[in-house]
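Got your viewer open and ready? Load the model shown here, and let's walk through it one selection at a time.

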Amino acid sequence: LHDALPILDLALVTLSEKRKIKSAVHITQKKTEFLNIARKINRFPVFSYLPQEDLEDIADRLVYRHYPNGHVFFQPDEFSDRLYIIHQGEVEIIYPRHLEKPVLVLTTSDPFGELSFVIGASHTVTAIAKTDVDIWTLRKQDFEEMLQQSPLLEESVKNFLEQPKINDYLQT
């Protein structure tokens with residue numbers, strides 16, 4: 001217990017000064033790179049009109065990871081608990097319930113899993129790394145906290161959900 005006191009003291013100081021607890025493990029975020037593309041994520045324009053402060057809050061909550069070619073991110077009927085945004089590489093979206101649909105190949109700055117993520121539904125497609133890929137992920141829990149704190153983010157999500165393509169998806 002005596003050895004834990006300096007760690008606890010550091011955590012308390014960090015919490016009071018920065019309003020967050022330092023992570024016990026190192027988490028790669030590549031915050032600057034995300035901020036450079038955040039407003040250019042066309043398939044998920046939710047970040048496009050947010051103030052810099054909100055974008056930085058999002059970037060602070062991202063986790064950046066490398067995945068090998070062939071990694072399966074999710075499959076149909078799996079619960080959606082993360083939003084994925086590609087930094088480098090390619091991801092294939094496969095429609096197992098609609099085999100006549102061609103495979104969609106996503107690349108730099110493309111999100112995936114965004115519809116299921118925002119509406120809280122299970123995935124309807126399969127997402128597989130076509131190449132080695134570097135991805136940012138945002139946890140659902142973090143996103144929901146930010147929605148409560150940022151009226152602009154909440155409004156941006158509402159606008160996203162009102163798009164005709166999203167309405168068609170929801171009806172399907």
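Start with the whole protein: buried residues make up 35% of its 172 residues, where buried means under 20% relative accessible area, exposed over 50%, and partly exposed in between (1.4 Å probe, protein chains only). This is a predicted model, in which local features need pLDDT of at least 70 and side-chain atom pairs count only at pLDDT 80 or more, while totals for chains, interfaces and linings use all residues. Residues are numbered from 1 along each chain as its sequence is written, and side-chain values use heavy atoms, with hydrogens and water left out.

Switch to a cartoon view and you should find 7 helices and 8 strands. Both kinds are DSSP runs numbered from the N terminus: helices are H or I with at least four residues, strands are E with at least two. Now put the surface on: the protein exposes about 10,500 Å², and carbon and sulfur atoms supply 53% of that. The areas come from the Shrake-Rupley method with a 1.4 Å probe; for residues, only the protein chains shown count as cover.

**Stop 1: strand β8**

Select residues 133–139, which form β8. 6 of the 7 residues of β8 are buried, so this strand is largely enclosed by the rest of the structure. Which strands pair with β8? One is β1 (residues 63–67), antiparallel to β8 over 5 bridges; two strands count as paired if DSSP finds at least two bridges between them. Click on Tyr67 and look across to β8, where Val133 stands opposite.

Another partner is β3, which runs antiparallel to β8 and is joined to it by 6 bridges. Two spots to click here: Arg82 sits opposite Arg139 in β8, and Ile85 has Trp136 as its bridge partner.

**Stop 2: strand β3**

Stay with β3 and select residues 82–88; 5 of these 7 residues are buried, so to speak mostly covered. β3 also pairs with β6 (residues 111–112), in the antiparallel sense over 2 bridges. To see that pairing, show Tyr84 with its bridge partner in β6, Phe112.

**Stop 3: the open sheet**

Next, pick β2, β7, β4 and β5. In that order they make an open sheet of 4 strands with antiparallel pairing. The edges belong to β2 (72–74) and β5 (104–106); each has a single partner strand, so one side of each is left without a neighbour in the sheet. Neighbouring strands here are turned by 25 degrees against each other on average, direction ignored. The axes behind that angle are lines fitted to C-alpha atoms (for helices, over the stretch in contact), and angles run from 0 to 180 degrees between N-to-C directions.

Zoom in on β4 (residues 91–94) and β7 (residues 126–129), which run antiparallel and are joined by 4 bridges. Ile94 is a good place to click: Thr126 of β7 stands opposite.

**Stop 4: the cores**

Turn on side chains for Phe34, Phe44, Phe47, Ile58, Ile85 and Leu138. These have the most contacts inside the largest nonpolar core, a group of 26 residues. A nonpolar core is a set of buried Ala, Val, Leu, Ile, Met, Phe, Trp, Tyr and Cys residues joined through side-chain atoms within 4.5 Å. Elements giving two or more residues to this core include α2 (31–37), α3 (52–61) and α4 (114–119).

What does Leu138 touch? Among its contacts are Ile58, Leu83, Phe117, Phe143 and Met146, not counting residues up to four places away in sequence; contact means heavy atoms within 4.5 Å. A second, separate core has 15 residues, including Tyr67, Tyr95, Phe112 and Val133.

**Stop 5: helix α6**

Select residues 151–161 for α6, then highlight its buried Leu153, Ser156, Val157 and Phe160. They cover an arc of only 100 degrees around the axis, which puts them on the same side of α6; the arc is that of the directions from the helix axis to the C-beta atoms. Ser156 is buried, with a relative accessible area of 13%. Leaving aside its neighbours within four places in sequence, Ser156 is in contact with Pro45, Val46, Phe47 and Leu50.

**Stop 6: two loop residues**

Finish with Lys30, in the loop between α1 (5–18) and α2. Lys30 has a positive phi of about 50 degrees although it is not a glycine. Then find Ser109 in the loop between β5 and β6; its phi is positive too, about 75 degrees, and it is not a glycine.

Buried or partly exposed? Lys30 is partly exposed at a relative accessible area of 33%, whereas Ser109 is buried at 14%.
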